[in-house]
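Me: I'd like a close look at a single part of this structure, with enough of the rest to place it. Could you choose the part and walk me through it in one go?

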Amino acid sequence: MRSAVLYPSVIAQEGEDQDVPSRLTSTKMDNATEETNTNGTADVSDSPEADQDTPESSGLPEPTLPPKPFEPVFTVKVTDAAKDGEVVKYTLKTTKIKSDSEEYKVVRLYEDFEWLEHCLITQNDIAGIIVPPLPPKPSTTAQSAEARSKKQLGNDIKLVVGDEFEKDCRSLEKYLYLVVTHPILGQDESITKFLTVREAPTRAKLKKSIFSNLSKAVGEARKGGHKDVNEFFQKERDTVNEVSVQMKEAKENFMKIVYGEQRVAVGLSHLSTALHLGGQLQEGADVVVNKLFTQFSEGLEDAKQGLEVMAVNDENTLGFSLDLYSRYLEAEKEMLYRRTCKMMEFEAASKAVEKAKPQKREMAVAARDKAEKEFEDISKAAEKELKNFHHQRVLTFQDSLVRHADAKIKAARDTYALLTKCVTALKTLDTSFKPL
């Protein structure tokens with residue numbers, strides 16, 4: 001928990017403002033005393049009213065301002081990605097916000113991002129934090145490119161989809177944005193070094209065991225059904241279990257639409273090429289037919305380009321947000337799982353106190369109090385984190401839906417204009433010919 005930040009200059013000004021009425025009152029009372037003494041009446045300085053407490057003598061605490069909300073230190077852009085053998089090197093451009101726009105340019109591998117995530121998790125108390133999910137590692141082998149092509153375009157189309165480094169750059173840039181804007185992770189020294197030090201951080205090899213993942217999944221399944229003592233968190237657990245499944249299905253179905261647009265675009269390209277090559281004879285009516293086919297094939301190319309633009313826009317707007325939050329909701333489930341574990345530890349410690357023998361009761365009470373404090377701390381942090389998370393999720397989808405709709409409208413208008421031009425050219429084409 002961050003400690004409250006005091007602002008002495010502001011407090012001093014507020015204190016001075018509060019002192020003004022006291023000084024005015026004291027001056028008036030002195031004047032009244034002089035007038036009273038002159039008239040021979042009693043001195044009001046001895047009256048009970050003159051002994052009223054001032055803010056200085058009452059012992060009241062000075063007013064303080066609430067701590068300022070966290071402000072990110074950096075802005076980050078992943079500007080480029082280049083393949084070097086079997087690895088991909090990402091170029092990061094970082095700007096320090098409050099340092100006369102001081103800029104840093106570093107090159108990082110995906111393994112460096114994995115090490116950063118490891119440091120953020122191990123060096124911070126993440127019990128009540130929804131840790132931003134790191135995007136999956138991009139595949140660079142020929143086999144993975146072939147598998148990706150078949151998934152997107154189908155088995156019957158003999159084309160290989162190129163590397164999607166631009167998409168990877170956007171995903172990693174979003175990950176870094178979520179880290180640097182987080183009030184706790186954004187202040188970690190690891191993220192500062194990662195973004196500003198030219199040399200990549202020295203990292204140890206991270207071991208990933210399938211057995212640890214399996215045991216974790218079993219533990220989540222076992223403890224996931226444990227009823228929560230807090231109605232807010234019980235509802236949140238039920239909701240995220242349902243919404244996470246729906247989000248994954250929405251992402252998969254939306255990407256089927258994107259892949260369908262890509263397949264239709266490839267089909268239009270093949271048809272356009274076939275029409276170009278279809279008319280070989282240059283005599284009689286074949287000349288006119290060849291002109292019609294040529295003009296129509298240009299219209300098909302325009303339609304193909306429109307579909308390609310739509311597919312890219314779809315994936316970069318709504319598809320990007322669906323992919324992000326299908327992973328982000330899993331991070332929320334992990335945070336709620338950690339809280340559930342703390343709750344069960346507290347319940348077990350409470351039962352241990354009831355069963356403890358007299359000589360061990362003091363130790364059991366201390367363990368219960370410790371577990372209770374840890375559970376209360378994680379619950380408080382988790383509630384705040386969830387509110388910020390859902391607020392951010394709403395804003396993200398609002399923005400992506402607006403950009404998705406705007407891109408659809410613009411691409412449709414551009415395609416419509418090109419196809420209208422093609423129709424006009426077909427109608428005005430000279431179809432006269434000399435019969436054989």
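Reply: One term before we start: a residue is called buried when its relative accessible area is under 20%, and exposed when that value is over 50%. The model is predicted, and by that rule buried residues make up 33% of the 436 residues in the protein. The total exposed area is about 27,800 Å², with carbon and sulfur atoms supplying 56% of it.

The part I'd pick is the strands. The protein has three of them, alongside ten helices, and the order along the sequence is α-β-β-β-α-α-α-α-α-α-α-α-α. That puts the strands right after the opening helix, with the other helices following them.

Start with E1, residues 74-84, which is joined to E2 by ten bridges, the two running antiparallel. One of the pairs to click on is Ala 81, whose bridge partner in E2 is Tyr 90. The link between E1 and E2 is a hairpin with two residues between the strands. In that turn, Gly 85 has a positive phi of about 70 degrees.

E2 covers residues 87-96, and it also pairs with E3, residues 102-108, again in the antiparallel sense, this time over seven bridges. Two of the pairs are easy to find: Lys 93 in E2 is matched with Lys 105 in E3, and Lys 96 has Glu 102 as its partner. So one pair puts two lysines across from each other, while the other sets a lysine opposite a glutamate. This second hairpin has five residues between its strands, and Asp 100 takes a positive phi near 55 degrees there. If you're following side chains along any of this, keep the usual pattern in mind: in a regular strand they alternate between the two faces of the sheet.

Now for the surroundings. Of the contacts with a separation of 6 or more, 73% are between residues 24 or more positions apart. Ser 400, in helix H10 (residues 358-427), shows some of this. Beyond its neighbours within four places in sequence, Ser 400 is in contact with Thr 317, Leu 318 and Ser 321. It counts as buried because its relative accessible area is 0%.

Lys 205 makes a nice contrast. Lys 205 sits in the loop between helix H5 (189-196) and helix H6 (210-224), and it counts as exposed because its relative accessibility is 81%. Its C-alpha is 8.7 Å from that of Trp 115, although the two residues are 90 apart in sequence.

Last, the empty space. Rolling a probe the size of a water molecule over the atoms shows where such space is left. Here the count comes to one cavity of 30 Å³ or more, holding about 30 Å³. Its lining is made up of Pro 133, Pro 135, Ser 171, Lys 174, Tyr 175, Phe 320, Leu 324 and Arg 327. Helix H4 (165-180) and helix H9 (318-355) are the elements that give two or more residues to that lining. By type, the lining divides into five nonpolar residues, one polar and two charged.

Methods:
Residues numbered from 1 in each chain as written. Predicted model: local features only at pLDDT ≥ 70, side-chain atom pairs only at ≥ 80, totals over all residues. Heavy atoms only, no water. Helix = DSSP H or I, 4+ residues; strand = E, 2+ residues; numbered from the N terminus. Buried < 20%, exposed > 50% of the residue type's maximum accessible area, 1.4 Å probe, protein only. Contact = heavy atoms within 4.5 Å. Areas by Shrake-Rupley, 256 points an atom, 1.4 Å probe, with all protein chains shown as cover. 1 Å grid on protein atoms, 1.4 Å probe; cavity = no way out; pocket = protein on both sides within 12 Å on 5 of 7 lines; lining within 4 Å. Points joined across faces, edges and corners; volume = space filled by probe spheres on them. Nonpolar A, V, L, I, M, F, W, Y, C, P; charged D, E, K, R; others polar. Pairing = 2+ DSSP bridges.
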